[in-house]
Amino acid sequence: PYGSPPGTLYSDVVSAVLGQDGGWSGPVALELTHEVAAVRSPGCSGKGNDTDYIKTVSIHSTLLERFWGTRMKLEACVLLPFGFHERASARYPLLIAHGHYSAIFNPGGRFDDTPPSANLSGYDRVDQQYAYWLYSNWTSKDGPFFRGARALVVTLNHPTPFFDDSYAVDSANVGPYGSAILKELLPLVEKRYRGIGAGWARGLLGGSTGGWEAFAMQVLYPDAFNFAVAACPDPVGFASYTTINLYSDRNAYFYDSAFKRTPRPGYRDHYSGTATVPGTSTPAYGSPYGQTTATVEEMNRREVVLGPRSRSCGQWDVWEAVFGPRGADGYPARLFCKDPSGDCEYGAVNKSVASQWVERFDMTRRLKQQWRHGLGEKLSGKLHVYVGGADSFFLTNAVMDLQDWASDPALDPPFGGEIVIGAHEGRGFEHCWNGYLPDGEAAPNAVTRELYVMTYLPRMAERWAASAPAGASMEWRSY
């Protein structure tokens, strides 16, 4: 896992007894006597080497190396369209599928020429079925989904010392990843594999972290992309930073109250993206009861144990690293007082730090402020957002705030995109719902998470074709 890369030192498991007074029975000695061994990467294809369809593009980024003072690598896994090798003059649109680090190409549904074996069961069988389904349809001349929608599909690997993913923006702590991706990596991919290389012929999609990246890159670089699908995105606005309002709340761990101390929920129910009916390989819907399974305090206390100074590789810490300013000690400035042993009011929000988050990375605020001053003309019709009505991490909340603004009939120009909060038979979908099927029917998250490319690439192709300037290369659309 990313949190334990090759070279990580670790100890044997040591038992300790917790005393009746809540204290430990004595000091616990841990000796780092083991090391995680290096393993050979399976490569973008998963087979160790590039194939006819899947290619690897790696660069050492000058922009990132200047920031970090050491060698920094960016990698793209590229899926070539059917007919690429036979049509030497064709040029293609490009779709970036954002998501967490994956050595193997996985844009939201793997690409594999191997049908599922008889011994596969549970979600492993579901995953392999759809991986083979994507391969079979992608490589077909007559497949209905990708005819007229031939494109390059790219996944990116850009891990940082804080997380398995940079969030693909320029950040005070993480570095200029947005610029490095746009100015260094993408031009090389498009040059090497005959991309059209223009904003009208590029799209973005992703879920969760990848959903936020797709949304943010479209908003921050409105001319560079022409369609963004943001599924269950991390908070796109900080009036609902999950269950915390960074504009008004005093404490991140507890609701503001003069007479009681109610913990804020941080995680509810369970992730349902790999759920199957027990004992079968049939995908199942979750059970969104609304039960709190972890509070904001508990989630952050865990990260304090895993690593100091926002270096736990955890979700709340990486948000501090990406969205926040650099602190006086050179590490990300704390948004709120995480550690009860710290010299600060436990859980208290640092309003100075919060204001800097809001200024740079509150995307809903940016849209509200700039929409009527030119940004709306560049983004109308490009933003498509999907989230479950009962998202496990309360990511529904920020999307509802966005929806309240975007649905204003007086908005000029109109939002023009789509914001959908998903439910099935009255039950809100959990994390990470990415929309209904193309025919409008609902399906479990364990199915739709495998179908990002099939669901959204054809829709992007329609917009690309409608936006193409006179004389544009359109052979990709002809077969």
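**Disulfide bonds in the predicted model**

C337 and C344 form a disulfide, with their sulfur atoms 1.9 Å apart; the term is used here for a pair of cysteine sulfur atoms within 2.5 Å. The structure is a predicted model, in which local features need pLDDT of at least 70 and side-chain atom pairs count only at pLDDT 80 or more, while totals for chains, interfaces and linings use all residues. Residues are numbered from 1 along each chain as its sequence is written, and side-chain values use heavy atoms, with hydrogens and water left out.

The link of C337 and C344 is right-handed, with 70° about the S-S bond. As for exposure, C337 is buried at a relative accessible area of 6%, whereas C344 is partly exposed at 43%. In these terms, buried means under 20% relative accessible area, exposed means over 50%, and partly exposed lies in between (1.4 Å probe, protein chains only).

A search of the whole structure finds 3 disulfides. A disulfide is a covalent bond between the sulfur atoms of two cysteines. Another of these bonds joins C44 to C77, with an S to S distance of 2.0 Å. The C44 and C77 link is left-handed, with -70° about the S-S bond. This pair links distant parts of the chain, 33 residues apart: C44 sits in the loop between β2 (34-35) and β3 (54-60), and C77 belongs to strand β4 (residues 73-79). Strands (E, at least two residues) and helices (H or I, at least four) are DSSP runs, numbered from the N terminus. Both ends of the link can be placed by their accessibility: C44 is buried, with a relative accessible area of 2%, and C77 is buried too, at 0%.

A disulfide also joins C232 to C432, where the S to S distance is 1.4 Å. C232 lies in the loop between β10 (228-231) and β11 (265-268), and C432 lies in the loop between β15 (427-428) and α11 (445-448), so the bond ties together parts that are 200 residues apart in sequence. C232 is buried, at a relative accessible area of 0%, and C432 likewise counts as buried, at 9% relative accessibility.

With the bonded cysteines counted along the chain, the disulfides of the protein follow the pattern 1-2, 3-6, 4-5. One further cysteine may be of interest at the bench: C313 counts as partly exposed, at 25% relative accessibility.
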